[in-house]
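This report describes the fold of one protein chain, a patch on its surface and one of its helices. Please examine the sequence and the structure below before reading on.

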Amino acid sequence: YIENYKIGNQIPDSYHKKLTGLLHSYVAVGGMPEAVKAYAGKQGMLEIERIKSSIIDTFKLDFHKYKKNTNPILLSIIFDKLPTQIGKKIKYTNIDRSYKSNEISRALNQLHLARIVSKVYNSSCNGIPLAAEKKENFYKCFLLDIGLIHTQLKLNPFEMRETTELNYINNGVLSEQLIAQQ
């Protein structure tokens, strides 16, 4: 059916339910290779959550490699806080008030250079290229993988399959993350 599908055609309910279920599984599992391998091997969501938690811990342990340029504790604080900031304009005071703005900015840039975080800048969109009118001080951050965010937010992976709309979960930020990482 998928090979013959054309935009505008009605998708049968059975296909829609299957595809929606697969999308919800992807949101819960994410795209990290070890988590996908466990999912494909039918190891169960508890094992997949353990794997994703291990990946998150590994990221944090690696932050010490950047201590020459950035405080590894601050990198960890930002990494832990960003899932709650998805879909919002980044305000350094919402991340941690005990650090100076330039320290948080430098640490966020380090995470961006490491490709753990993507920055999406606001633009007036009055012409091409869009970046010509980007506002350097107005941006949102998105993380590497939606499955890791799911784990960081401590969302229940079993409830994901029962939810009919991703937009209802955390006010739609998972939908925004999903689109941003594609």
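The text below moves from the whole chain to selected local features.

The model is predicted. Its protein chain contains nine helices and two strands, arranged from the N terminus as α-α-α-α-α-α-β-β-α-α-α. Of the contacts between residues at least 6 apart in sequence, 57% join residues at least 24 apart. Chain-wide values are collected in the table.

| Property of the protein chain | Value |
|---|---|
| Share of buried residues | 36% of the 182 residues |
| Accessible surface | about 11,500 Å² |
| Share of that surface from carbon and sulfur atoms | 53% |

On the surface, Y1, I2, Y5, I7, Y15, L19, L22 and Y39 form a nonpolar patch of about 790 Å². Helix α1, which spans residues 13–29, is the element that gives the most to this patch, with three residues. L19 lies in helix α1. L19 counts as partly exposed because its relative accessibility is 38%, and the partly exposed class lies between the limits of 20% and 50%.

Helix α6 covers residues 101–113 and has 13 residues. From the first C-alpha to the last, α6 reaches 18 Å, close to the 18 Å expected at 1.5 Å a residue. The buried residues I104, A107, L108, Q110 and L111 belong to α6. These residues are on the same side of α6 because they cover an arc of only 155° around the axis. After α6 comes R115, with a positive phi near 65°.

Methods
Residues numbered from 1 in each chain as written. Predicted model: local features only at pLDDT ≥ 70, side-chain atom pairs only at ≥ 80, totals over all residues. Heavy atoms only, no water. Patch = residues over 30% accessible without salt bridge, like charges linked within 9 Å, V, L, I, M, F, W, Y side chains within 5 Å. Areas by Shrake-Rupley, 256 points an atom, 1.4 Å probe, with all protein chains shown as cover. Salt bridge = Lys/Arg side-chain N within 4 Å of Asp/Glu carboxyl O. Helix = DSSP H or I, 4+ residues; strand = E, 2+ residues; numbered from the N terminus. Buried < 20%, exposed > 50% of the residue type's maximum accessible area, 1.4 Å probe, protein only. Expected span 1.5 Å × (residues − 1). Arc of directions from axis to C-beta. Contact = heavy atoms within 4.5 Å.
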